[in-house]
Amino acid sequence: MSARRALLADLDGVLLDSAAGVRTALAATATCATGRRVTPADLPTDALIRPRTDVLADLGVSDPDTAFVRWWDGALAAAPSRLFPGVVEGLRSLREAGTAIAIVTLQHRDRLPWLLPPELHELLDAVITPQHAAPKPSPDAPRAALAVLDVPPHNALMLGDAPSDMASALAAGVLPLAAAWGWHRCEALYDAGASVVLDDPREIGLGLLRRLAPRPGG
């Protein structure tokens, strides 16, 4: 069995600081669907952690499913997003040490060409979307990533910012780590089974590997 190690990571709220972009895209989609101006300030406080169509319905969109299909991708593509500070440097240090890196995301695979910054994309060994495997909290997505990477579950970490990330990692036999800078409260992440909650994205790096059990014979 392979002794290689792997980091699996969620994208939004963990590597990519897209909160403002998602809120802007929700407001823009609602504006297009209703014909009246909707701003991010009009969104409910929990807009980031609820289904997008539910939020659109709360904003007065009569057919949120159709509105989402028609306007969401264009609105999100035009909205601001950036990588969190330290992400590229931390992932590069892991990659140079021989650690495999994969993203496990709920984003549609068709969005990846314009959603993934080039400096992040070049560090990745795999990207798993709902088009590749059943989405989180199912364990299928992390298992699919590990199959591509040829890494056993006990040699892998999974970093996410949602309870569904923790549930998915645990069900796949992967050590669950949580990001306090994401979209969910730390208490909810611990309750969902997080082994530890990291405080800052600059903690992504070689230090994470110390949380894995020692390799057999190592």
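This report describes a predicted model of one protein chain, with attention to its confidence, one of its helices, its salt bridges and its aromatic pairs.

**Confidence**

The protein chain averages a pLDDT of 94, and 97% of the residues score at least 70. Confidence is lowest in helix α5, residues 112-115, where the mean is 91, and it is highest in strand β1, residues 6-9, with a value of 98. As a caution for reading any model of this kind, predicted coordinates should not be read in detail where pLDDT is low.

**Helix α4 and its two sides**

Helix α4 spans residues 87-96, and its buried residues are V87, V88, G90, L91 and L94. These residues lie on the same side of α4, because they cover an arc of only 165 degrees around the axis. On the other side of the helix, E89 and E96 are exposed. What do the buried residues of α4 pack against? Their partners are strand β1, strand β3 (82-83), strand β4 (100-104) and helix α6 (118-121). Just after the helix comes G98, which takes a positive phi of about 95 degrees.

**Salt bridges**

Side chains of opposite charge can pair when their charged atoms come close, and the structure holds nine salt bridges. Three of them are set out below, with the distance between nitrogen and oxygen and the relative accessible area of each partner.

| Salt bridge | N to O distance | Basic residue, accessible area | Acidic residue, accessible area |
|---|---|---|---|
| R82 and D17 | 3.1 Å | R82, 47% | D17, 21% |
| R50 and D46 | 3.5 Å | R50, 22% | D46, 29% |
| R185 and E187 | 3.3 Å | R185, 56% | E187, 48% |

How many residues apart in sequence are the parts that R82 and D17 tie together? R82 lies in strand β3 and D17 in strand β2 (residues 16-17), so this salt bridge ties together parts that are 65 residues apart in sequence. R82 is partly exposed, and D17 is partly exposed as well. In the salt bridge between R50 and D46, R50 is partly exposed and D46 is also partly exposed. In the salt bridge between R185 and E187, by contrast, R185 is exposed, while E187 is partly exposed. Salt bridges can also join into a network, as they do where D10, K136 and D165 are linked.

**Aromatic pairs**

The structure holds two aromatic pairs. One of them is formed by F68 and W72, which are stacked, with 5.2 Å from centre to centre and 15 degrees between the planes. Both residues belong to helix α3 (residues 64-78), and because they are four residues apart there, about one helical turn separates them. W72 is buried, with a relative accessible area of 3%.

Is the pair of F84 and W181 stacked or edge-to-face? The ring centres of F84 and W181 are 6.4 Å apart and their planes stand at 65 degrees, which is over the 60 degrees that the term requires, so the pair is edge-to-face. This pair links distant parts of the chain, since F84 sits in the loop between β3 and α4, whereas W181 sits in the loop between β7 (175-179) and α9 (186-191), 97 residues apart. F84 is buried, with a relative accessible area of 11%, and W181 is buried too, at 15%.

Technical notes
Residues numbered from 1 in each chain as written. Predicted model: local features only at pLDDT ≥ 70, side-chain atom pairs only at ≥ 80, totals over all residues. Heavy atoms only, no water. pLDDT = per-residue confidence, 0-100. Buried < 20%, exposed > 50% of the residue type's maximum accessible area, 1.4 Å probe, protein only. Arc of directions from axis to C-beta. Contact = heavy atoms within 4.5 Å. Salt bridge = Lys/Arg side-chain N within 4 Å of Asp/Glu carboxyl O. Phe/Tyr/Trp six-rings, centres within 6.5 Å; stacked < 30°, edge-to-face > 60°.
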